[in-house]
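Me: Could you take a close look at one part of this model for me? I would like to follow a single residue and the rings around it.

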Amino acid sequence: MKTVAKQTPSGHQQALRTLARSIAVAFAGTAAAHGALAQDDIQKVVVTAQSRSQSAQEVPISMEVVTAKDIRNLGANNLGDLNGYLPGLDVNATQPTQPLFGIRGVQAGDFGIGTDMPVGIYVDGVYTGKTGGALMNFIDIQRVEVLKGPQGTLFGRNSAAGAISVVTNEPDQTLDMNGHVKVGEYGRADVDAMVNLPLAENTAARLVFVRAASDGWVRNTTTGDRTAGDKSWAARLSLKHKIADATLNLTLEHEQLRQKGWPAFGVVKDPAQPFAGFRGVYDAAYVANFVDPRKAPLENDVGGSERRTFDGASLRAELPLGGVTLRSITAYRTFSTYNLTDNDGGARPGFSLANTDQKQAYNWQQEFKLSGKTEHLDWIAGASFYDNRERQASTALLNTATLDNVSLLSGGNADLAGLFDALGQAGIPGVDATSNFPWGETTHNYLRTRAFSVYQDVIWHATPSTNLTLGLRWSRDRKNMEWYVPGRQSPALDELLNTYGPLAGLDASALPSNQIFYAAGQLAATPVQSTKSWTDWSPRLVLDHKATGDLLLFASLSKGYQAGGFNVFTPPNPASANAKQRDPSYDPEKMTNLELGFKLYLPSIKATVNGSVFAYRFKNLQDIKLGGTGPIPTYNVVNSDQQAKGLDLDGRIRVAPNLTLFAGMELIDQTYKRYRTTDDNGMALDLSGQTVGTPTFNGMGGVNASWESLGGRISTTLQGTYQSKARCNDDTRALQCLNAPAFRTGEARTKADFRLGWDNANGKFGIALLVNNLFDKRYVHTLDGQTKPFGLPYAIVTPPRTVSLELRGSL
């Protein structure tokens with residue numbers, strides 16, 4: 001019999017362990033885990049962040065993990081409901097068909113199809129980063145992994161700033177059924193149900209249905225309808241089949257979203273404004289008249305509408321081949337969206353302005369991945385192909401009175417009212433200076449994207465406690481964009497002028513085709529195209545070392561890449577002297593990220609502490625900004641170089657068998673390295689060296705407790721978030737950091753959520769009370785809009801407190 005001597009830790013190892021325990025104890029009073037760390041034992045949280053099944057504490061990447069339990073504690077329907085609870089991740093879900101995702105301050109708009117987000121979003125390995133399909137319902141989620149920093153050697157595409165990986169539950173050989181019903185204020189009525197069926201010895205199916213609906217927390221006094229609610233349903237059917245050692249997973253998905261548009265709260269209620277002494281929206285005397293949008297009635301002449309239809313199919317296969325494993329993902333996605341929004345924040349006919357955005361997308365991807373392990377190497381290698389086709393139609397909806405008022409505020413004349421007055425005086429019936437006709441302008445775009453990449457990621461076990469990871473990705477992207485901008489759409493006005501204009505010596509051609517929004521579109525009265533290709537090499541280098549069995553130290557240097565894009569509102573004009581008009585494409589986005597971190601697990605006191613310091617430079621970040629040379633601004637693509645340095649820290653400690661504390665935070669200092677733009681008056685601005693706007697501090701924390709009572713188990717969770725005030729620059733200070741007598745923007749924010757639940761002894765039935773925004777904290781989220789230059793900005797405000805009751809049952 002062979003005897004193995006127990007090794008005694010060296011003095012160095014004992015010192016490290018003592019230091020590690022001291023850090024954990026010191027941090028325990030104020031820190032603890034991310035949302036995911038609500039589980040009883042963090043070591044049981046297995047993730048696939050590196051395309052390998054690993055304990056979360058063994059992965060040398062700064063990451064957050066959200067489990068199904070965390071989602072249930074918050075009553076979250078999608079990623080937007082997790083905002084604030086994952087420091088470093090920012091999700092703006094005001095418009096679910098046009099969401100914004102950011103990691104560590106890298107957040108960009110994705111209004112036009114010519115650009116992409118720098119945060120890659122994947123569901124079971126399938127890329128869903130295009131905005132129309134990015135913010136989907138949580139459907140039978142196992143966990144969500146949020147990886148910070150470039151992840152190109154691990155994920156398919158567009159993960160220059162980080163990746164969000166959503167992992168769903170697969171079918172298994174257990175007969176299982178469960179369901180949830182949630183009812184609450186403002187007509188809240190949610191339901192979800194799951195059925196898992198073994199179909200044969202090696203075959204199982206899983207069917208899930210989810211519905212989320214509410215009437216909304218505010219009533220539009222103009223239309224009488226409630227808005228700021230949601231209404232969607234989704235279903236997923238999964239089939240899993242094993243053939244010897246091979247596994248096949250087929251998934252079919254469908255989702256429909258049908259809801260009112262987001263509310264735009266006007267802050268100017270005086271009917272004499274903006275004409276009475278208007279000297280600009282930033283004038284202190286004018287700002288003094290702003291009303292608090294949290295207390296003012298909602299008056300939108302356009303009720304708004306947001307719709308999406310999504311369908312997807314994917315086939316995932318895993319096949320052992322000798323000493324390696326082959327994994328394949330074949331996926332098809334299609335969605336169509338429609339978004340009608342009020343852009344004037346009011347119901348005044350003379351300032352009516354709305355926009356519609358319609359998109360239709362078809363894409364498929366194919367990915368092959370090989371993986372294997374030896375005594376010293378753990379490797380993956382893969383190739384992926386992505387093909388995407390999208391159409392977009394963006395329409396500005398206004399009227400002739402709006403055009404005249406904009407002209408008057410710009411120092412011009414009410415030419416259209418003068419025209420109608422002249423026609424009335426010429427004897428045209430029903431026409432005078434007060435006549436008003438609808439006016440629309442539309443731009444059409446088509447995009448074809450084809451992307452191919454090959455990559456590898458190798459972990460070399462240099463010693464039993466030290467690993468070196470080398471990753472490399474080669475990418476090639478090709479995009480073809482088409483622009484088409486037809487003439488204005490004003491059929492009633494054209495009919496009037498064509499019928500009666502000759503009597504006054506006028507006809508419809510006397511009016512310009514596109515005089516307000518899409519002046520550049522005059523160059524695209526017939527379709528024009530542009531094609532661009534980009535290639536890139538992106539490396540990843542990571543060194544991690546197990547200083548003790550409880551402490552992992554790591555350092556990483558990685559590069560992220562995202563293909564360039566096009567400005568959907570600027571067709572190419574070879575004759576122009578302006579380079580951007582000749583070629584409206586944008587260079588690729590590239591990020592270089594340096595990170596030093598640690599992951600500490602102390603089972604003796606049941607505590608974890610994780611932290612990292614990081615610094616990055618991001619080049620050519622594509623974003624969307626209101627601007628342009630016309631009297632009404634349009635959405636245009638801008639780019640900048642940014643840099644940041646910061647600290648991530650999180651931890652968790654179980655202070656008693658039924659009591660756990662958790663917390664997380666991020667400190668960040670983000671500035672522009674290069675950014676030249678224009679202000680609202682068209683004056684040049686150089687913001688290089690100034691802050692981007694990301695708050696310096698984001699933090700969260702909470703407590704989980706449970707105890708036996710009433711023949712079952714009572715559990716409660718109280719958790720909250722804090723965000724420091726916005727850091728504004730010369731371009732955003734006037735309205736984004738406004739200190740008006742009635743309200744402020746850009747101020748620090750807090751939010752708390754509470755859950756109290758009871759589950760019966762066998763865990764088959766439960767009931768819970770959920771309170772979101774427990775202390776009813778409300779803030780002005782933004783103050784902006786296309787009507788801002790002529791004195792009518794509108795605000796988006798955060799929702800009030802909501803209370804709901806949840807029932808749960810399972811077999």
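Me: Where is Arg104 found, and what sits under its charged end?

Reply: Happy to walk you through this part of the predicted model. Arg104 is in the loop between strand 5 (100–103) and strand 6 (106–107). Its phi is positive, about 55 degrees, although Arg104 is not a glycine. That deserves a look, because most residues other than glycine have a negative phi. Arg104 counts as buried, as its relative accessibility is 1%. Ala244 makes a nice contrast: this residue, also no glycine, has a positive phi near 55 degrees, and its place is the loop between strand 16 (230–243) and strand 17 (246–260). Ala244, however, counts as exposed, at 75% relative accessibility.

Now to the charged end of Arg104, which sits over the ring of Phe614, 3.9 Å from the ring centre. Phe614 is buried too, with a relative accessible area of 3%. On to the aromatic pairs: a search of the whole structure finds 16 of them. One of these joins Trp262 and Tyr794 in a tilted arrangement, with 5.8 Å from centre to centre and 40 degrees between the planes. Phe614 has a ring partner as well, Tyr616, and this pair is stacked: the centres are 6.4 Å apart and the planes differ by 5 degrees. Tyr616 counts as buried, at 3% relative accessibility. So, around Arg104, you can trace a path from the buried loop residue to the ring of Phe614 under its charged end, and from Phe614 on to its stacked partner Tyr616.

Terms used
Residues numbered from 1 in each chain as written. Predicted model: local features only at pLDDT ≥ 70, side-chain atom pairs only at ≥ 80, totals over all residues. Heavy atoms only, no water. Helix = DSSP H or I, 4+ residues; strand = E, 2+ residues; numbered from the N terminus. Buried < 20%, exposed > 50% of the residue type's maximum accessible area, 1.4 Å probe, protein only. Phe/Tyr/Trp six-rings, centres within 6.5 Å; stacked < 30°, edge-to-face > 60°. Lys NZ or Arg CZ within 6 Å of the ring centre and 35° of its normal.
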